[in-house]
Every structure is written in structure tokens, then in C-alpha cells.
Protein chains: 4
Amino acid sequence: MNYDNILKEIYTEVSPLFDKGEIAQYIPALSTVPRNKFGMAVCTLDGETYTIGDAYEQFSIQSISKVYSLTLVFKLIGERLWKRVGKEPSGNPFNSLVQLEYEKGIPRNPLINAGSLVLTDILLSEFQEPKKEILNLVRKTSGNNAINYDNAVIASEKITGHRNFALAHFMQSFKNILNPVDDVLDVYFHHCGIAMNCVDLARSFLFLANHGIIPDSGEYVISKSEAKRINALMLTCGLYDESGDFAFRAGLPGKSGVGGGIVAVLPEKLCVSVWGPSLGPAGNSLAGIAALEHFTTLTGMSVF
Amino acid sequence: MNYDNILKEIYTEVSPLFDKGEIAQYIPALSTVPRNKFGMAVCTLDGETYTIGDAYEQFSIQSISKVYSLTLVFKLIGERLWKRVGKEPSGNPFNSLVQLEYEKGIPRNPLINAGSLVLTDILLSEFQEPKKEILNLVRKTSGNNAINYDNAVIASEKITGHRNFALAHFMQSFKNILNPVDDVLDVYFHHCGIAMNCVDLARSFLFLANHGIIPDSGEYVISKSEAKRINALMLTCGLYDESGDFAFRAGLPGKSGVGGGIVAVLPEKLCVSVWGPSLGPAGNSLAGIAALEHFTTLTGMSVF
Amino acid sequence: MNYDNILKEIYTEVSPLFDKGEIAQYIPALSTVPRNKFGMAVCTLDGETYTIGDAYEQFSIQSISKVYSLTLVFKLIGERLWKRVGKEPSGNPFNSLVQLEYEKGIPRNPLINAGSLVLTDILLSEFQEPKKEILNLVRKTSGNNAINYDNAVIASEKITGHRNFALAHFMQSFKNILNPVDDVLDVYFHHCGIAMNCVDLARSFLFLANHGIIPDSGEYVISKSEAKRINALMLTCGLYDESGDFAFRAGLPGKSGVGGGIVAVLPEKLCVSVWGPSLGPAGNSLAGIAALEHFTTLTGMSVF
Amino acid sequence: MNYDNILKEIYTEVSPLFDKGEIAQYIPALSTVPRNKFGMAVCTLDGETYTIGDAYEQFSIQSISKVYSLTLVFKLIGERLWKRVGKEPSGNPFNSLVQLEYEKGIPRNPLINAGSLVLTDILLSEFQEPKKEILNLVRKTSGNNAINYDNAVIASEKITGHRNFALAHFMQSFKNILNPVDDVLDVYFHHCGIAMNCVDLARSFLFLANHGIIPDSGEYVISKSEAKRINALMLTCGLYDESGDFAFRAGLPGKSGVGGGIVAVLPEKLCVSVWGPSLGPAGNSLAGIAALEHFTTLTGMSVF
């Protein structure tokens with residue numbers, strides 16, 4: 001199947017959305033990205049790549065990095081993970097502390113900020129150089145060794161990430177963060193500050209569409225069962241408080257970031273990524289969600 | 001594929017769970033069901049049926065009926081529905097009023113009690129005989145005209161359903177229930193009080209695995225897109241506050257009821273239903289969830 | 001001390017507030033009261049009465065009746081009461097269900113709707129004619145046998161009191177309402193629907209300023225210790241979610257109603273009541289609160 | 001009136017409580033205080049002092065210091081204070097973040113941790129040496145220049161005060177903490193770490209019983225109206241989530257700390273302080289609350 005015409009049609013359909021929504025303001029280094037940026041990439045298990053727009057321009061992946069952390073930690077400690085973080089959608093904004101208080105410091109799932117901070121804490125306890133581990137995973141799964149951190153974004157987040165500091169200290173009070181808060185946040189902000197383009201991003205998720213194996217290299221990352229479970233978590237929890245709506249509209253497991261990126265997985269077939277910096281009220285790319293809904297409608301493909 | 005051996009293996013695996021958990025106590029007519037009842041049925045789009053245990057014994061479908069109501073209302077008023085009910089997982093127990101207060105009487109989704117009461121209210125406004133409409137849908141999709149209401153269960157719920165009365169009055173105060181509360185609950189309790197067996201149940205959901213068409217009769221129920229969207233809602237919201245865990249473990253869209261039934265959909269292939277009356281803390285059949293997890297593990301099939 | 005000049009000064013000060021705020025709309029029979037009504041009465045333990053404005057015009061006392069219910073029930077069952085209702089400010093609007101869910105059907109205090117519904121349930125269990133009992137207490141403490149129910153208001157509340165029906169059904173689900181909901185609400189709406197004027201109201205609270213004894217007749221109502229405790233509850237909980245602000249501004253135990261009345265107690269000295277139908281966001285009379293703040297500032301008297 | 005016999009009777013009554021409850025564990029330096037410590041002091045406006053037990057032994061005043069901060073800030077910026085903090089009881093535990101999230105970073109009142117952190121932030125903005133200012137106020141109002149910080153307690157709190165760090169970062173995210181979090185907490189922990197005995201404590205609150213004037217020196221601290229308002233805040237909010245119960249039982253404005261101290265004010269008469277390190281579930285001294293209830297019962301004195 002050739003996706004070029006579909007991508008063109010999608011571009012036309014979603015371009016009126018570039019003026020709507022808001023660029024993330026709370027991370028100064030992100031607030032200056034032009035609103036009319038838009039890229040999209042489809043990478044298939046057969047090795048084909050289709051792109052449109054700014055698909056080769058780098059952006060900050062932000063919360064999309066939570067899937068890499070989850071992959072690393074799940075592989076590392078398996079089911080023990082679920083003693084420190086849940087598997088349920090939160091029903092609350094991505095940085096809420098309310099549920100965390102009622103549930104005594106156990107975050108709802110690993111794809112919201114609180115959950116990912118716990119995963120980062122585990123990485124700090126298990127690895128000598130946790131920053132390198134994620135970067136290695138991203139480079140290996142995408143096949144691009146040039147992928148790196150964007151230090152300007154990371155510095156920007158450290159100055160303004162008050163809510164994330166609050167989450168970490170709060171969980172520390174429940175003994176669910178064990179390393180010093182400053183160390184946990186240093187690693188966390190680094191993961192969020194990875195810069196990638198749409199093609200790298202879609203390619204780096206292909207192992208999740210391929211039962212845990214990187215299709216290009218044949219390298220094993222995680223088991224078939226683990227890949228299925230990470231996809232399930234993305235479907236129920238991947239777009240914060242808009243996960244249900246995204247499943248309803250696009251019908252694919254996916255993960256978003258406040259940099260405007262979204263990546264989605266169609267198991268046994270392909271991955272599709274999109275970047276549009278202007279966000280809706282739940283913190284997800286407006287054009288990105290619309291593009292992915294069009295994609296599954298036009299191709300007739302979804303997990304449902 | 002022949003599922004008989006898989007069903008036998010599942011039966012052996014889950015039988016130790018019959019003694020665990022609790023039979024639903026708050027509906028007196030349900031509290032006397034023996035704990036060791038267990039049935040399971042697989043119905044394929046090819047017309048094959050595989051069963052084990054008490055798969056031909058009737059039980060009260062309870063909240064599973066919410067999928068029939070959703071099908072009827074979605075078909076009837078389409079996207080207008082989403083003005084009165086959301087599409088997100090609730091992150092709260094099935095009968096919680098907390099979120100309803102913060103969100104001014106708009107229930108999180110149509111598969112929790114509050115949401116289904118709104119759907120029932122719409123059915124009352126749109127149909128002369130709403131009780132008949134659901135029954136007709138169930139009979140038509142299952143191909144079994146003998147399916148009926150269990151009046152003992154319905155009478156039992158009316159006496160003890162204080163929380164549902166509270167939910168309806170509460171939404172009435174937000175003007176999201178328009179018909180008299182007693183009328184809404186009469187219809188609601190009737191839907192919950194439908195009695196079916198596992199085979200009827202699996203068969204009646206086949207149209208959702210078949211892009212909206214009943215496979216036996218070829219009759220159109222809803223569009224392909226609507227079927228996909230109902231499956232998405234079941235995956236994110238179908239098992240109350242355990243939906244994320246069920247997606248993680250079983251990887252299928254499904255819906256449960258406090259009568260101990262669960263039904264799940266594998267698009268383009270089959271439906272599988274299970275009945276085990278003893279419930280876990282979230283109100284879902286303990287043996288049922290385990291059985292469906294085994295089913296997808298043993299067959300290697302899931303939407304992910 | 002002669003309060004006539006103080007009352008005149010207060011009237012002038014608060015009259016600009018008559019145009020601000022909102023008349024209670026959710027009880028149709030109350031929504032037609034003219035906004036420029038204002039009355040105030042001071043009744044001393046010495047038997048003096050000072051009035052201004054519409055102090056002899058009747059209005060619906062609404063939630064002020066909760067103090068009479070509390071007096072009756074506290075006298076009747078004493079400390080056993082606190083098994084079914086708390087003593088803490090709620091920190092939430094007067095008709096909130098949120099806290100009730102977290103605290104398993106035990107209302108925060110007897111002066112919010114949920115708490116008063118529990119008290120009404122107790123009155124129903126303990127008395128043959130609970131409606132008569134409250135009326136008798138009001139007549140006895142005020143010395144006015146003509147005080148009666150306003151049946152138009154009561155009928156109006158029954159039609160629109162969805163939230164109160166929700167609260168009662170909700171507590172019934174926690175077994176903290178034992179009588180049929182319709183019976184409980186019939187009595188509750190009757191209590192709320194008592195019509196009184198400012199002079200009757202101030203006089204009827206004098207026993208709380210007088211260690212439990214009606215000063216005119218010398219009749220014993222409750223003990224000194226019980227009177228002190230009811231005053232304490234009024235101070236911490238009497239003005240819903242504005243109780244702290246009222247204590248801060250006026251420094252007196254008091255109770256308000258959505259009919260626009262407020263009554264306050266200065267122990268060992270006097271009671272002061274005020275009526276102004278236009279309400280602030282917390283449901284308390286705007287002019288009434290301002291008038292009572294002026295009263296304690298001008299007289300230099302408060303409990304602090 | 002001679003209070004010696006009353007204090008003896010109270011000591012006998014409350015001593016069985018020494019074995020009940022829990023010593024505060026989360027501040028290591030406090031956790032080693034012996035459970036059977038108990039002191040009580042009555043200081044009258046006439047200059048009389050009555051004591052029993054360990055009334056001259058120092059303890060950590062902890063949250064009682066919030067009243068001194070409030071006095072300083074209220075005097076300094078007056079009504080502007082209420083833009084950054086509320087005046088209502090919280091209805092939640094003293095260190096809850098839930099309400100803070102719903103109310104966008106505005107703490108409910110100045111006597112819970114979040115509110116006092118905001119006050120500390122204001123002191124940091126307004127004073128060169130905020131630590132000295134509070135100490136000066138305490139020394140001046142108590143007449144004891146030897147009162148000082150307990151550095152062991154302060155160091156202990158800094159290591160374990162995760163929840164307070166969380167609160168400050170959280171409010172920083174709402175722009176209601178303007179100074180660096182580490183600076184705010186340094187001052188906050190110093191205030192909490194003041195060591196005093198019962199006599200100093202009761203004496204230092206006498207200006208609140210005396211319309212804002214220190215009775216010994218005649219020195220003006222705050223206005224009559226401000227003193228009244230601080231007393232009102234103590235009555236509605238001074239004992240965290242047990243404030244209503246304390247008002248009900250003791251009927252006095254008061255403030256507690258997790259070091260086991262409580263101080264209460266009887267306007268125009270006296271102050272009474274008590275120290276018992278073992279705490280009930282709301283974090284208030286068990287023996288202390290009981291002692292103050294006995295005190296108002298035996299003397300027949302309360303604000304109600």
C-alpha cells in the first residue's frame with residue numbers, strides 16, 4: 001500500500017487547525033516553535049517510509065519518552081513494577097496530585113508524569129548511567145545514532161518544572177521515590193528533552209508493532225507478551241485525559257508529548273507519527289489527533 | 001481453529017478461583033447463585049460455537065446491557081450523544097458520584113451507571129416502548145427470540161438500588177435526566193435484568209466483531225465506524241475501574257456485569273463470553289477475567 | 001444599651017447591597033421576593049426588642065430550621081447522635097455529595113443539608129409527629145403560637161429538590177437514612193418551609209444565649225453544656241462554606257438560610273436576626289452578613 | 001480565682017491518656033520525647049500564673065508558630081493577605097494537596113501548612129531577616145528573651161519534610177510562592193523549631209486575649225479588630241481537621257502543634273496552654289484536648 005496520497009489528503013484536511021489551540025507555554029524553550037509546523041511519517045514493518053511536511057525536522061519528544069522508560073523498566077524488573085505504579089487510566093490531568101494523595105503515592109499508570117517519575121527513580125537505582133540507557137534504546141530502535149538531548153530544553157524545564165518537583169517530593173513523602181529528588185528530575189528532564197524527527201520516532205516504535213523485535217536488525221527488545229501489554233497501556237493511558245477520545249476517534253495505541261508529537265502503533269503492520277506544536281486543552285497536538293483519526297478512517301485500519 | 005482443548009485447559013486453570021472473591025450481595029436475587037458456576041463460549045464469525053461448563057445456563061447480564069443501550073442510542077442520535085455523556089475512563093468506581101459533581105452532571109462515559117442512566121433517559125424520550133427496543137435488539141443479534149427479563153431480579157433491584165436512585169436524582173439536578181426518575185430507573189433495571197446464557201451473549205456481540213453486521217442474518221445494525229468506536233469505548237471503559245488492567249492482561253474490548261458475566265470482542269474473528277459469579281474488588285468476575293487472559297495467551301490473539 | 005441608632009446606621013450602610021447578588025432561583029416560590037426587602041431585629045435577655053425595616057414581615061427560614069432539628073435531636077439522643085453525623089466544617093458547598101462519598105455516608109455536621117437529613121430521619125424514627133415537634137419548639141421558644149408552615153414553599157421545594165433527593169438516596173445506600181426517602185424529605189421540606197419574621201427568629205434563639213433556658217418563660221430547653229455546644233457548631237459550620245469568613249468578620253455563632261435570613265447569638269446578652277433576600281455565591285444573604293459585621297464592629301461586642 | 005485545684009483535677013483525669021495515641025514519628029528529633037510528659041499553664045490578664053506538671057519544660061512548638069507568622073503578616077499587609085490565602089476551614093488533613101489543586105494554589109487558611117508557607121513567603125519578601133522577626137515577636141510577647149530555635153529539630157525537619165517541599169513547589173507552580181522553595185522552607189522550619197515551655201507559650205498569647213496589647217508591658221501589637229479576627233481564625237481552623245470538635249468540646253480559640261502543644265485564648269480573661277506529646281489521628285495532643293475540655297467544663301468559662 002502506498003500512503004503518499006493519503007498523507008497529502010490528511011495535510012490538506014488538518015492545515016486549518018494550525019491556527020487553533022495553544023503552543024505549550026510553560027517550557028520557555030518550546031514556546032517559540034512556529035504554529036504552522038506539521039510533519040507526519042508512516043514506517044511499515046516491510047521497511048517502507050512515507051512522509052509529508054516537516055517530517056525530517058526535529059522536535060522535543062517530551063512525554064513520548066515515557067514509553068522508552070517503561071520499556072526499559074518493564075524489561076528489567078517485570079511484574080514487580082506494578083507494586084509501585086498502577087495500570088489504570090487516571091481520569092485526571094497529566095500532572096494532577098489529587099489521585100496521588102487518595103491513593104497514597106502510587107501513580108495510576110506509567111504514562112503520566114507521576115508514574116514516569118517512579119520509573120525514572122527505578123532506572124536510577126538499577127543503572128549506573130540511566131541517561132545513557134534511554135538514549136541507547138532510542139538510537140538502537142530507530143537505527144539513528146545521531147539522536148541526542150536538547151540541552152536548551154532541559155535547562156528550560158529545570159527552571160520551570162515546579163509541578164514535577166512537587167510530584168516527586170510528594171511521592172518521596174510516601175516512600176515511592178527513593179533517590180534524591182534533584183537526581184530523579186535531572187534524569188527525567190533529560191528523557192523528556194530528547195530531540196527526534198517524525199521518521200526516527202515512527203521507526204523507533206516499530207518493535208512494538210513487531211512483537212518486541214526491531215524489524216531492521218532483528219534484535220530482540222522485549223517479549224511478544226510485553227509488547228502487547230505496553231500497547232494496551234498506550235491505548236488506555238497514552239493521551240492523558242483524552243485517551244478515551246483518541247481510542248474512540250483513531251482506534252490505535254499511541255503516546256503524545258507536549259512538544260506536539262504523537263506516535264501510534266498498528267500491530268503487525270506499521271507505526272505512524274505526527275508533529276504539530278499547537279495543543280488542545282488536554283495537552284495533545286490538535287492537528288496530530290485529527291491527522292491520526294483521518295489516517296485510520298482513510299485506510300480503514302485500526303485495532304478495532 | 002478448534003477451541004475445545006483451550007477451553008478445557010482454561011477451565012482447569014481458573015477453577016481454583018471459584019472460592020475466591022464475593023458474590024454480589026446488594027441485589028438479593030443475585031446473592032444466592034452458587035459460587036462454583038462457570039461457563040464459557042466462543043462464537044466465531046464463521047458460525048462455529050465452542051462451549052464449556054455452564055455455558056447454556058442463564059444468568060443476569062446486568063451492566064453488559066449498557067452496550068445494547070449504547071448501540072441503540074448511538075444509532076439513533078449519533079454524535080449528539082456526546083453532549084450529555086463523555087468518552088473517557090472514569091478512574092473511579094462504577095457508581096461514584098464524585099466525578100459527576102466536579103463535572104456538573106456529565107458522566108464520564110456511557111458504560112458506567114451514571115452514563116447508562118443518561119442513555120436510558122434518551123431512550124425514554126425517543127421510544128414509545130424502550131423496554132421492548134432493547135429486548136428486540138438482543139433477540140435479533142443473538143438470534144434467540146426466547147430471551148427475556150427476569151422479573152425477580154428487577155424487583156430485587158428496585159428495592160435496593162438506592163445508589164442508582166441517587167445518581168439519577170443528582171443528574172436531574174444538573175438537568176441531565178429529563179424524564180421522571182422512577183420511569184428512568186424502571187427501564188434501567190429492566191435492561192440490567194435481562195437473563196441470557198454464555199452462547200446467546202457471545203452471539204449477540206458478533207455484529208461488533210463484524211463491522212456492524214449480524215453475521216448469521218446479514219442484517220445491518222450499525223456502521224463499520226460506529227462498531228469500531230463502540231469497541232474502543234469497551235476497551236477503555238468496559239470493566240469499570242479495572243479496564244486498564246483488563247486491557248493489559250487480555251488485550252480485548254469487553255464488558256462486564258455484576259452478575260459475573262463478561263463478553264469480549266476480537267474484531268473480524270470472534271466473540272468470547274464467560275460467566276463466573278464470584279467478583280473481585282472492582283466488581284468484575286474473578287474467574288472470568290482470568291479465563292479471558294488465558295484465552296488470549298493460549299491463542300496468541302488480541303487486538304495488540 | 002439602645003440599639004436603635006446602630007440599626008439605622010447599619011440600614012444606611014448595607015442598602016447599596018440590595019442590588020447585588022442573586023435571589024435563590026431553585027425554589028420557585030422564593031424567587032419572586034423583592035430584592036429591596038431588609039429587616040433586622042435585636043432581642044436582649046432583658047426582654048428588650050429593637051427593629052428596623054421589614055423586621056415584622058415573614059420570610060422562609062429554610063436552613064435556619066436545622067438548628068431547631070439539632071436542638072430536638074441532641075436533647076433526645078445526646079452523644080449517640082455523633083455516630084451518624086460529624087462535628088467538623090465541611091470545606092464544601094452545602095449540598096455537596098463528594099465528601100459524603102469519601103466518608104461513607106456520614107455527613108460532616110448537622111448544619112449542612114446531608115446532616116440535617118440524617119437528623120430528620122432520627123426525628124421520624126423517634127416521634128409520631130415530627131412535623132409538629134419542630135413547630136412546637138419554634139412556637140415555644142419564640143412565644144408566638146401563630147408561627148406556621150408555608151405550604152406554597154413546601155410544594156415548590158418538593159418539585160425541584162432533586163439534589164436533596166439525591167443526598168437522601170445516597171445516604172440510604174450507606175444505611176445512614178433508615179426511613180423511606182419520600183417521608184424524610186416531606187418532613188425536611190416542612191421544617192425548611194416554616195415562615196417567621198425577624199423578631200420571632202431572634203427571640204426563638206434566646207435560649208441559646210441563655211444557657212438553654214427560655215428567658216421569658218424560664219422554661220428549660222437544653223442544658224448549659226448543650227447550648228454551648230450548639231453555639232460552637234453554629235460558629236464553625238453555620239454559614240456553609242462561608243463560616244470561617246463570617247466568624248472572621250462578625251465573630252458570632254450564627255445560622256443562615258437561602259431565604260435570606262441569618263440569626264446570630266451573643267451568649268449571655270442577646271440574639272440578632274437579619275433578613276435580606278439577595279444571596280452571595282455561598283448562599284448567604286449579602287446584606288445580612290454585612291449588617292452583622294457592622295453590628296459587632298459598632299457595638300464592640302463579639303465572642304472574641 | 002485560683003486555678004491550682006482545677007489543674008490538679010485535670011492532671012488526674014487526663015493521665016490515663018498518656019499511654020494512648022502516637023508520638024509524631026515523621027520528625028525524628030521529636031519521636032524520642034517520653035509519652036508521660038505533661039504540663040499545663042494558666043496565665044491571666046491580671047498577671048497571675050498557675051502551673052502543673054512539666055509546665056517549665058521546653059518542647060517544640062511546631063504549628064503553633066503559624067499564629068505568630070499570621071500576626072506579623074496581618075499587621076504588615078492587612079487585608080491584602082486574603083488574595084493569597086483563604087479564611088475557611090479546610091475539611092482536610094493539615095498537609096493535604098487535594099484542595100490546593102482544586103483551588104488553584106490558594107490555601108484554605110493561614111493555619112494549615114500550605115497557608116503558613118505562603119505567609120513565610122511574604123515574610124521573606126518583606127523582611128531582611130524574617131527568622132529574627134518571629135523570634136523577636138515571641139520574645140516580646142512572652143517577656144522571655146532566652147527563647148530560641150532548636151537546631152536539632154530544624155535539621156531533622158529539613159531531611160524529612162518531603163510533604164512540605166511538595167506543597168511549596170506545588171504553590172510555586174501556581175505562582176503563589178515567589179521566593180526560592182529552599183529559602184521558604186528554611187524560614188518555615190525555623191519558625192516550627194522554636195522551643196518554648198507552657199508558661200512562655202500561654203504568656204505570649206495574652207495579647208490576643210487583651211485586644212492586641214501585651215498586658216505586662218502595655219505594648220501595642222495589633223488592633224482590637226485584628227486580635228478578634230485572629231481569634232476567630234483559631235476557633236474555626238486552629239486544630240486542623242479537628243477544629244470543629246475542639247470548638248464543640250472546649251469552646252475556645254486555640255492552636256495546636258505536632259510537638260504536642262496546644263494554646264487557647266479566653267478573651268478578656270486568660271490564656272491556657274498544655275503540652276502532652278502523644279497525638280490523636282488528627283495530629284493534636286490527646287491529653288491536651290482532654291485537658292482543655294475539662295478546663296472549660298470545670299471553670300464554666302468558654303466563648304459560648
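Trainee: With 304 residues, what radius of gyration would a compact globule have, and what does chain A have?

Mentor: Bear in mind that this is a predicted model. The general idea is to set the value for a chain beside the one expected for a compact globule of that length. A globule of 304 residues would come out near 19 Å, and chain A has 18 Å, which agrees. Along the principal axes, the C-alpha atoms of chain A fill a box of roughly 55 × 40 × 35 Å.

Trainee: How many helices and strands are there in chain A, and what share of its residues count as buried?

Mentor: Chain A has 13 helices and 10 strands. As for burial, a residue counts as buried if 20 or more other C-beta atoms lie within 10 Å of its own. By that cut-off, 62% of the 304 residues of chain A are buried.

Trainee: What share of the contacts in chain A join residues at least 24 apart?

Mentor: Begin with the contacts between residues at least 6 apart in sequence; 67% of these in chain A join residues at least 24 apart.

Trainee: Now the sheets. In which order do the strands of the open sheet in chain D run, and what is the pairing?

Mentor: To read a sheet, list the strands by neighbour and then look for the edges. In chain D, 3 strands form an open sheet in the order 4-6-5, with antiparallel pairing. Strand 4 (59-60) and strand 5 (148-149) of chain D each have a single partner strand and stand at the edges, so one side of each lacks a neighbour in the sheet.

Trainee: Over how many bridges do strand 4 and strand 6 of chain D pair?

Mentor: Strand 4 of chain D pairs with strand 6 (residues 194-196) of chain D over 2 bridges, in the antiparallel sense. At the level of residues, Phe59(D) stands opposite Met196(D) in strand 6 of chain D.

Trainee: Next, the interfaces. How many residues of chain B are in contact with chain A?

Mentor: Count the residues on each side, then ask which elements supply them. For this pair, 29 residues of chain B are in contact with 29 residues of chain A. On the chain B side, helix 11 (224-237) and helix 12 (243-249) each supply at least two residues. Helix 11 of chain B gives the largest share, 8 residues. By residue class, the side of chain B that touches chain A divides into 11 nonpolar, 11 polar and 7 charged.

Trainee: What rotation superposes chain B on chain A?

Mentor: Two things matter here: the angle and the shift along the axis. A rotation of 180° with 0.0 Å of shift superposes chain B on chain A, with an RMSD of 0.0 Å. That is the relation of a two-fold axis. In addition, 100% of the interface residues of chain B are also interface residues in chain A, so the copies meet through the same surface.

Trainee: And how many residues of chain D are in contact with chain C?

Mentor: Here 29 residues of chain D are in contact with 29 residues of chain C. The largest share of the chain D side, 8 residues, comes from helix 11 of chain D. A rotation of 180° with 0.0 Å of shift along its axis superposes chain D on chain C, at an RMSD of 0.0 Å. The same surface serves both copies, as 100% of the contact residues of chain D recur in chain C.

Trainee: How far apart are the nearest C-alpha atoms of chain A and chain C?

Mentor: They are 10 Å apart, and chain A and chain C do not touch. Chain B and chain D do not touch either, and their nearest C-alpha atoms are 10 Å apart.

Notes:
Residues numbered from 1 in each chain as written. Chains lettered and ligands numbered in written order. Predicted model: local features only at pLDDT ≥ 70, side-chain atom pairs only at ≥ 80, totals over all residues. Contact = placed C-beta atoms within 7 Å. Helix = DSSP H or I, 4+ residues; strand = E, 2+ residues; numbered from the N terminus. Nonpolar A, V, L, I, M, F, W, Y, C, P; charged D, E, K, R; others polar. Least-squares fit on C-alpha atoms with pLDDT ≥ 70 in both. Pairing = 2+ DSSP bridges. Rg over C-alpha atoms; globule rule 2.2 N^0.38 Å. Buried ≥ 20, exposed ≤ 12 C-beta atoms within 10 Å, placed from the backbone.
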